[in-house]
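Here are a few short exercises to work through with the model open beside you. Try each task before you read its solution.

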Amino acid sequence: PFHVARKAIDTVDQEGRQVKPNQKNGIKLEMFIFDIFAYAQNMKCFMVPRESEFSPVKNKPGQGKMDAPDIARADVSRYHLFLLKKAGLSIPKEQAPQQIEVTEENFNKDTTLKQFQALFVDGVPLFVLVLGETKVPTSSFSKLWKGSGPVSWCGDCNAALDVINKDLKTRSGGYRMLHLPVKRETYKGNPNHPYRVSALLGIKAVPTLFLWTKDGPLTNVTLGEQEAQDAKKVKKFFDFAFAYAAPQVEISANVSYDGENLQQLVAAYQANNEVKFPIVFA
């Protein structure tokens with residue numbers, strides 16, 4: 001039997017131009033593995049941990065969606081790291097969250113973002129937040145939410161800061177966030193503001209929140225002024241960011257995934273190497 005899934009499917013008009021529908025316009029016929037259960041003479045089900053057995057791929061990479069190749073690769077790395085730790089590998093302590101502020105006066109269009117990009121470390125997501133200037137340095141991130149009223153001239157930024165901070169407080173992993181505050185007098189009505197015309201930033205409004213990588217921003221993931229105030233969209237953003245930023249760890253197919261062989265390899269590795277990512281057991 002086929003299962004009907006109604007989807008919004010890209011098509012072309014009579015002129016041959018691509019059209020992206022704003023509502024479901026097509027039917028996708030699907031079949032699932034469990035459809036054969038009724039035909040099996042003898043069947044057993046096993047309950048297995050999701051993290052070691054399942055990471056679906058349904059979307060293109062770099063789109064900010066969880067069921068995608070970039071997240072599946074990260075899930076494999078996390079599982080391999082779990083196996084190595086189980087075999088005795090001692091992992092460096094997780095880095096604490098780090099806040100960095102660069103003022104408009106100190107921002108250099110040629111070097112600032114490249115220097116921040118160079119801070120990339122496997123397993124530690126990078127964020128860039130462009131926002132209205134605040135009463136206290138944004139590098140003192142926790143001081144921005146004390147219930148003492150607005151901290152920025154930008155009302156949307158005040159709302160977004162509250163949502164972003166509340167979500168990050170629920171996360172256990174480390175991260176690095178670059179804050180780029182803008183002054184009202186230099187930003188408002190200025191189409192030539194450096195952050196508006198920057199090839200990497202190109203902001204349309206404040207606040208704007210970017211997920212940064214060693215290769216620059218993932219533009220399909222960026223949150224604009226309205227999205228950055230939406231708790232569900234902010235959660236989805238950080239869910240993807242922390243999943244995407246897994247440490248690069250690989251146990252090749254010719255190495256036993258568990259048992260005595262892996263324990264011996266881990267012991268030999270630690271005796272002769274500084275433990276740092278990426279880690280490859282070939």
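A disulfide is a pair of cysteine sulfur atoms within 2.5 Å. Keep in mind that this is a predicted model.

**Exercise 1. Find how many disulfides the whole structure holds, then sort Cys45 and Cys157 into buried or exposed.**

Solution. Start with the sulfur pairs: a search of the whole structure gives zero disulfides. Next, take the accessibility cut-offs: under 20% is buried and over 50% is exposed. Cys45 has a relative accessibility of 63%, so Cys45 is exposed. Cys157 has a relative accessibility of 1%, so Cys157 is buried.

**Exercise 2. Describe the overall build of the protein, from its helices and strands to its contacts.**

Solution. First, count the elements: there are eight helices and 11 strands. Then look at the extent: the C-alpha atoms fill a box of roughly 75 × 65 × 40 Å along the principal axes. Of the 282 residues, 38% are buried. Finally, turn to contacts between residues at least 6 apart in sequence: 64% of them join residues at least 24 apart.

**Exercise 3. Work out what share of the exposed surface carbon and sulfur atoms supply, and how far apart the mean positions of the charges are.**

Solution. The protein exposes about 17,500 Å², and carbon and sulfur atoms supply 52% of that area. For the charges, take the 36 positive and 30 negative ones: their mean positions are 3 Å apart.

**Exercise 4. Decide where the model calls for caution.**

Solution. Begin with the average: pLDDT is 88 for the protein, and 93% of the residues score at least 70. Now go to residues 144–148, where pLDDT stays under 50. The model has eight contacts beyond four places in sequence for this stretch. Where pLDDT is low, predicted coordinates should not be read in detail.

Definitions and conventions
Residues are numbered from 1 along each chain as its sequence is written. This is a predicted model: local features need pLDDT of at least 70, side-chain atom pairs count only at pLDDT 80 or more; totals for chains, interfaces and linings use all residues. Side-chain values use heavy atoms; hydrogens and water are left out. Helices (H or I, at least four residues) and strands (E, at least two) are DSSP runs, numbered from the N terminus. Buried means under 20% relative accessible area, exposed over 50%, partly exposed in between (1.4 Å probe, protein chains only). Contact means heavy atoms within 4.5 Å. Accessible areas come from the Shrake-Rupley method with a 1.4 Å probe; for residues, only the protein chains shown count as cover. Lys and Arg count as positive and Asp and Glu as negative; His and the chain ends are not counted. The place of a charge is taken as NZ of Lys, CZ of Arg, CG of Asp or CD of Glu. pLDDT is the predictor's confidence in each residue, from 0 to 100.
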